[in-house]
Structures are given as C-alpha cells and as structure tokens.
Amino acid sequence: MYTDLEPIIGYCFRNKDILKEALTHKSFAGERRSARHNERLEFLGDSVLGAIVADYIYNQCPHEEEGVLSKVKANLVSRRNLYLWGKQLNLGQFMYLGHGELATGGRERESIISNAVEAVIGAVYLDGGYSAAETMILPWVRTQELVQDVRDFKSILQEFLQKRGPHTPDYEVIQTVGPEHDKVFTVQVSLDGRVLGRGKGHNKKMAEQAAAQHALEQLKNN
C-alpha cells in the first residue's frame, strides 16, 4: 500500500491523494487516460528542495563564495544523489507505473526514482507546508558530504570558455528517439554558432552533461 511510505519519510498526509499522485508515473496515468501524475509535483519539489538545501549550505559554509556554494548545491541535489536517496526509501516499490515501465525495470530506473523523490517533497510541501518539507529533507542532507560535484561538466565547460571570452555555450536537443518509457536525447552544445560537442542520455540533463564532456575533450585536444 502506498501509504506505507509515510513512516519511512516521517510524514503522515492529511490528503492521501496528494501522496498517491506523487507516486504516479505518467506511463500509469497514460494507460488509464488520467491527467493526474507526478510531473507537476516534481517541478514544485525541485524548487522546495533547492531552497532548503541552499539555506542549509549557506549556514554550514559561511566562508565559501557563491560559485563554490552553487557547486556544492548542484552535487547535493544531483539526479544521482536523489536516486540514491530514493533507493534508501525503497521508493520504487511504491510507484504506480505503466506496463511498459514495469517490463523494462522502471522500479529501478534512475530518472523515475530521482523524479519521484522531488515529487514526494512537493507533495509534503503542499500538504504540510515548508516546515514539513524541511523536516523530511534535513535529516538526509545532514548525512551528505558538502563537496563540489567534480562531474559537473557543464560548469567546467562554462568556466573554461569564460577564460577566453564573455559568451556562454548554448545547448540544443537535436534528436529524440525511442519509446516514451526509454527515450534517448541527443544534445548539441555550441558557442557563437560553432558546434563544440554532442552527447546522448536518457534525459536532457544527462545528454547536456555528455555534450559538455565531449566538448571539453575536443577543446583540450585542439
């Protein structure tokens, strides 16, 4: 039962429907021709998580500059980190998924789990307010190292290019292939019309990171 998640996250919902929506993937809603799935709550939860984590880092790292704080925050709320948190919560077992997702291991998929973490945070915030979301998030945040994400190739690329000029790179999705539950995005990164690199991933963020990594490799080899 999906409400068995409540003692795990330490919050009891007044409106159980909000929790169910947070755990409903669009593939499940699509098969039932329902408009209710967790993407809107994911959007909300992303912002709530960002605000709470930023406040925590700001107070824990009083002598760090803005650039460092941003990288520490990016590491904490990265897709991989949220996926690991979701795995600790056993979140995949509570998800409502379509048949296609179930057949292809959706309960273990990084994008589904990490997005669901954000959706649950959004649901807690809607049902109980900022303090309830903070009570859910802070115990997890306190277990995390406050370090910069060395794999943030987009930030590394931007810093590399800013040493050569004032312009910032542009990222563009140039191809999307595959079924809804297993799409692959191809992203191209360019600067002033010049293509620097391309990358692929199962979501846009991953593809952008891959494109930035490819661009760095190309630039350093030239």
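Helices, like strands, are taken here as DSSP runs, with at least four residues needed for a helix, and they are numbered from the N terminus. In this predicted model, helix H9 covers residues 130-141, and Tyr130 lies in that helix. The relative accessibility of Tyr130 is 37%, so the residue counts as partly exposed, a class that lies between the limits of 20% and 50%. Together with Tyr125 and Leu126, Tyr130 makes a nonpolar patch of about 280 Å² on the surface.

The protein chain as a whole contains 11 helices and three strands. Their order along the sequence is α-α-α-α-α-α-α-α-α-α-β-β-β-α. When the principal axes are used as the frame, the C-alpha atoms fill a box of roughly 55 × 45 × 25 Å. The radius of gyration is 19 Å, which agrees with the value near 17 Å that a compact globule of 222 residues would have. Of the 222 residues in the protein chain, 44% are buried. The accessible surface comes to about 12200 Å², and carbon and sulfur atoms account for 48% of this area. Contacts between residues at least 6 apart in sequence were also examined; 56% of them join residues at least 24 apart.

Helix H8 spans residues 110-128. At 1.5 Å a residue, the 19 residues of this helix should span 27 Å, and the end C-alpha atoms are indeed 27 Å apart. The expected figure is 1.5 Å times one less than the number of residues, so the calculation for a helix leaves one residue out of the count. Helix H8 is largely enclosed by the rest of the structure, because 15 of its 19 residues are buried. Burial in this sense means a relative accessible area under 20%. Just after H8 comes Gly129, which takes a positive phi of about 90°.

A further glycine, Gly98, is found in the loop that runs between helix H6 (79-88) and helix H7 (99-103). The relative accessible area of Gly98 is 1%, and the residue is therefore buried. Apart from neighbours within four places in sequence, the residues in contact with Gly98 are Ser27, Phe28 and Glu31. Gly98 and Met136 are separated by 38 residues in sequence, and the distance between their C-alpha atoms is 28 Å. Gly98, in its loop, is thus described by a relative accessible area of 1%, whereas Tyr130, in helix H9, has a relative accessibility of 37%.

Notes:
Residues are numbered from 1 along each chain as its sequence is written. This is a predicted model: local features need pLDDT of at least 70, side-chain atom pairs count only at pLDDT 80 or more; totals for chains, interfaces and linings use all residues. Side-chain values use heavy atoms; hydrogens and water are left out. Patches are made of residues with over 30% relative accessible area and no salt bridge: like charges are joined within 9 Å, nonpolar side chains (Val, Leu, Ile, Met, Phe, Trp, Tyr) within 5 Å. Accessible areas come from the Shrake-Rupley method with a 1.4 Å probe; for residues, only the protein chains shown count as cover. A salt bridge is a side-chain nitrogen of Lys or Arg within 4 Å of a carboxyl oxygen of Asp or Glu. Helices (H or I, at least four residues) and strands (E, at least two) are DSSP runs, numbered from the N terminus. Buried means under 20% relative accessible area, exposed over 50%, partly exposed in between (1.4 Å probe, protein chains only). Contact means heavy atoms within 4.5 Å. The radius of gyration is taken over C-alpha atoms; the globule rule is 2.2 Å times the number of residues to the power 0.38.
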